[in-house]
Amino acid sequence: MDPQAREIVDYYTLRYREDLRLSAGRPQARLERQRTLEILRESLPPAPARILDVGGATGEYARALVALGHRVRLLDLVPAHVAQARAGHPGLDAEVADARALPEDDDSYDATLLLGPLYHLPEHADRCTALAEAVRVTRPGGTVFAAAISRFALPLDFAATGRLDDRTIERARTLLTDGRNDPVLGFTHAYFHRLEELVDECLTAGLVNVTVEGVEGPAWLAAEAGAHGPTAEQLFTAALALARTYHDEPALVATSAHLLARATVPGDPSRTRPNQPDLPV
């Protein structure tokens, strides 16, 4: 395991509970979960589709998709995540794997999700490799979904939650040019995208019809700032409404904490798919 992968495994094994993140109550996380699932429900083919969830962690999204009738296989770099995914209710078909080298046959899935790997890959070549692997395992005409953290998410989050200081302002200036997260501010080494970079990487990997949506919308900052006040639920409801309204407004997409690209694998959709895995429902 290379040092980059080891850092990720150690972070999620020893320092951070990913299984609690989306249900911990932060407005940003609530918006991320609800809007991601809404986008997936609107965009995935009818159930039972064959879906590969790459970097699916402990299975938050995979279980929701199984509940909708889809056949889902989960891959994640962190062994502890895979163990939790298998042991949960329902237990998931899950395996340890690196997004840059998927242990799956060509053209095996109707859709592939990359909702976590890209921002954990600071190098451009590695991100394009992960996207190319998603293209390889998805059938012609199928869909790849790829999430990224917005270039501006960290300093905006610090400002909304009262943590912005001289050090983080200086880091925000650096982020504008290099996009790389410094672990001293929290999280791991990571890459935060500009919208046009995410589109370019999808195109480089061979995808077509690329669109990018803002997940949490422009008002997630207000919901975070007021999370402990008397109008917290009203702010969340308003933020959710604006996330739905402005999800694809070009001038506002990058104000979301997360960007979600949706793109098509080129080729003839009627082509026969070889060696399709027998996934459980």
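**View 1. Salt bridges across the predicted model.** Count them up in this predicted model and you get 26 salt bridges in the structure. One group is linked through shared partners: Asp 2, Asp 98, Arg 100 and Asp 126 join into one network. The next three views pick out individual pairs.

**View 2. Arg 21 and Glu 18, a salt bridge within helix α2.** Here the two side chains meet with an N to O distance of 3.1 Å. Both residues sit in α2, which covers residues 18–21, and they are three residues apart, or about one turn of the helix. Are these partners buried or exposed? Arg 21 has 18% relative accessibility, so it counts as buried. Glu 18 comes in at 14%, so it is buried as well.

**View 3. Glu 233 and Arg 30, a salt bridge between helices α11 and α3.** Zoom in on the two side chains and you find them meeting at 3.0 Å, N to O. Glu 233 belongs to α11 (residues 232–245) and Arg 30 to α3 (residues 27–43), so this pair ties together parts that lie 203 residues apart in sequence. Glu 233 is partly exposed, with 44% relative accessible area. Arg 30 is partly exposed too, at 29%.

**View 4. Glu 197 and Arg 151, a salt bridge from helix α9 to a loop.** The side chains meet at 2.8 Å, N to O. Glu 197 is in α9, while Arg 151 is in the loop between β5 (138–149) and α7 (153–160), so the pair ties together parts that are 46 residues apart in sequence. What about burial on each side of this pair? Glu 197 counts as partly exposed at 23% relative accessibility, whereas Arg 151 is buried at 2%.

**View 5. Helix α6 packing against helix α9.** How do these two helices pack? Helix α6 (residues 124–137) and helix α9 (residues 195–204) come together at an angle of about 55°, with their axes 8 Å apart. That angle makes α6 oblique to α9. The crossing of α6 past α9 is right-handed.

**View 6. The residues where α6 and α9 meet.** On the α6 side, look for His 124, Arg 127, Cys 128 and Leu 131. Their counterparts in α9 are Asp 200, Glu 201, Cys 202 and Thr 204. Sorted by class, this contact of α6 with α9 has three nonpolar, two polar and three charged residues.

Note on methods:
Residues are numbered from 1 along each chain as its sequence is written. This is a predicted model: local features need pLDDT of at least 70, side-chain atom pairs count only at pLDDT 80 or more; totals for chains, interfaces and linings use all residues. Side-chain values use heavy atoms; hydrogens and water are left out. Axes are lines fitted to C-alpha atoms, for helices over the stretch in contact, and angles run from 0 to 180 degrees between N-to-C directions. Helices (H or I, at least four residues) and strands (E, at least two) are DSSP runs, numbered from the N terminus. Angles under 35 degrees count as roughly parallel, over 145 as roughly antiparallel, 65 to 115 as roughly perpendicular and the rest as oblique. A crossing is left-handed if the near helix is turned anticlockwise from the far one by less than a right angle, and right-handed if clockwise. Contact means heavy atoms within 4.5 Å. Ala, Val, Leu, Ile, Met, Phe, Trp, Tyr, Cys and Pro count as nonpolar, Asp, Glu, Lys and Arg as charged, and the others, Gly among them, as polar. A salt bridge is a side-chain nitrogen of Lys or Arg within 4 Å of a carboxyl oxygen of Asp or Glu. Buried means under 20% relative accessible area, exposed over 50%, partly exposed in between (1.4 Å probe, protein chains only).
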